[in-house]
Amino acid sequence: MSLPEIQRFASCTCGWLQVRCEGEPVRVSMCHCADCQRRTGSVFSIAAFFRREAVKVAHGKSKNFIRNSAVGTQVLFHFCPDCGSTLYWEPERMPDLIGVAVGGFADPTFPKPEQSVWTANKHAWLDLPDDVAAHDMMPPPREPSTS
């Protein structure tokens with residue numbers, strides 16, 4: 001008998017928009033770009049990237065906003081039409097993945113970021129953990145592992 005697949009649920013602030021994510025994230029990434037700072041109202045964002053087929057809307061319907069990313073490709077953001085929380089997004093540069101806001105899981109045991117991107121925009125007072133790979137800008141996309 002195989003073990004059940006891990007399922008996690010993320011939701012917006014009011015709880016109306018929810019997504020179900022199956023399995024472990026392909027990667028967890030911290031971003032310091034100015035756009036993520038503005039989007040979150042914080043000094044960075046943390047995203048869990050899951051395979052597209054592993055993310056399903058469990059409740060609600062999102063509104064969308066498209067913007068160009070710092071590398072020039074588009075990102076389609078999905079946010080709650082009631083509370084305005086951005087819950088997940090579809091990055092054109094990684095068409096097989098969907099990013100989900102780690103804060104939406106509200107789970108202190110969620111895996112930590114493995115990388116930090118756009119550290120050229122990082123606030124000087126913020127110290128990164130030694131075991132998190134730091135990139136001044138955005139590294140090239142890598143192929144998701146098949147494991």
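**Exercise 1. Identify the bridge partner of Tyr 88 in β9, and describe how β8 and β9 are arranged.**

Step 1. Tyr 88 has Val 100 as its bridge partner in β9. Strands here are DSSP runs of E with at least two residues, helices are runs of H or I with at least four residues, and both are numbered from the N terminus.

Step 2. The pairing of β8 with β9 is antiparallel and comprises two bridges; two strands count as paired if DSSP finds at least two bridges between them.

Step 3. Five residues separate β8 from β9, and the two strands form a hairpin.

The structure is a predicted model, in which local features need pLDDT of at least 70, side-chain atom pairs count only at pLDDT 80 or more, and totals for chains, interfaces and linings use all residues. Residues are numbered from 1 along each chain as its sequence is written, and side-chain values use heavy atoms, with hydrogens and water left out.

**Exercise 2. Determine whether the residues of β9 are buried or exposed, and which way they point.**

Step 1. Strand β9 spans residues 97–101, and five of its five residues are buried. Buried means under 20% relative accessible area, exposed means over 50%, and partly exposed lies in between, with a 1.4 Å probe and protein chains only.

Step 2. Leu 97, Gly 99 and Ala 101 point one way from β9, whereas Ile 98 and Val 100 point the other way.

**Exercise 3. Place Phe 49 in its strand and describe its surroundings.**

Step 1. Phe 49 belongs to strand β4, which pairs with β9 in the antiparallel sense over five bridges.

Step 2. Within β9, Gly 99 is the bridge partner of Phe 49.

Step 3. Phe 49 counts as buried because its relative accessible area is 9%.

Step 4. Beyond its neighbours within four places in sequence, Phe 49 has contacts (heavy atoms within 4.5 Å) that include Pro 25, Val 26, Trp 89, Met 94, Leu 97 and Ile 98.

Step 5. Cys 33 lies 16 residues from Phe 49 along the chain, and their C-alpha atoms are separated by 17 Å.

**Exercise 4. Give the strand order of the open sheet that contains β2, and name its edge strands.**

Step 1. Three strands form this open sheet in the order β1-β2-β5, with antiparallel pairing.

Step 2. The edge strands, each pairing on one side only, are β1 (7–11) and β5 (55–59).

Step 3. Neighbouring strands of this sheet are turned by 30 degrees against each other on average, direction ignored; axes are lines fitted to C-alpha atoms, for helices over the stretch in contact, and angles run from 0 to 180 degrees between N-to-C directions.

Step 4. Strand β2 (residues 18–22) is joined to β5 by four bridges, and Val 19 has Val 57 as its bridge partner in β5.

**Exercise 5. Contrast the burial of Ala 106 and Trp 118, two non-glycine residues with positive phi.**

Step 1. Ala 106 has a phi of about 50 degrees and lies in the loop between β9 and β10 (115–117).

Step 2. The phi of Trp 118 is near 55 degrees, and this residue is found in the loop between β10 and β11 (133–134).

Step 3. Ala 106 counts as exposed because its relative accessibility is 66%, whereas Trp 118 counts as buried because its relative accessibility is 10%.
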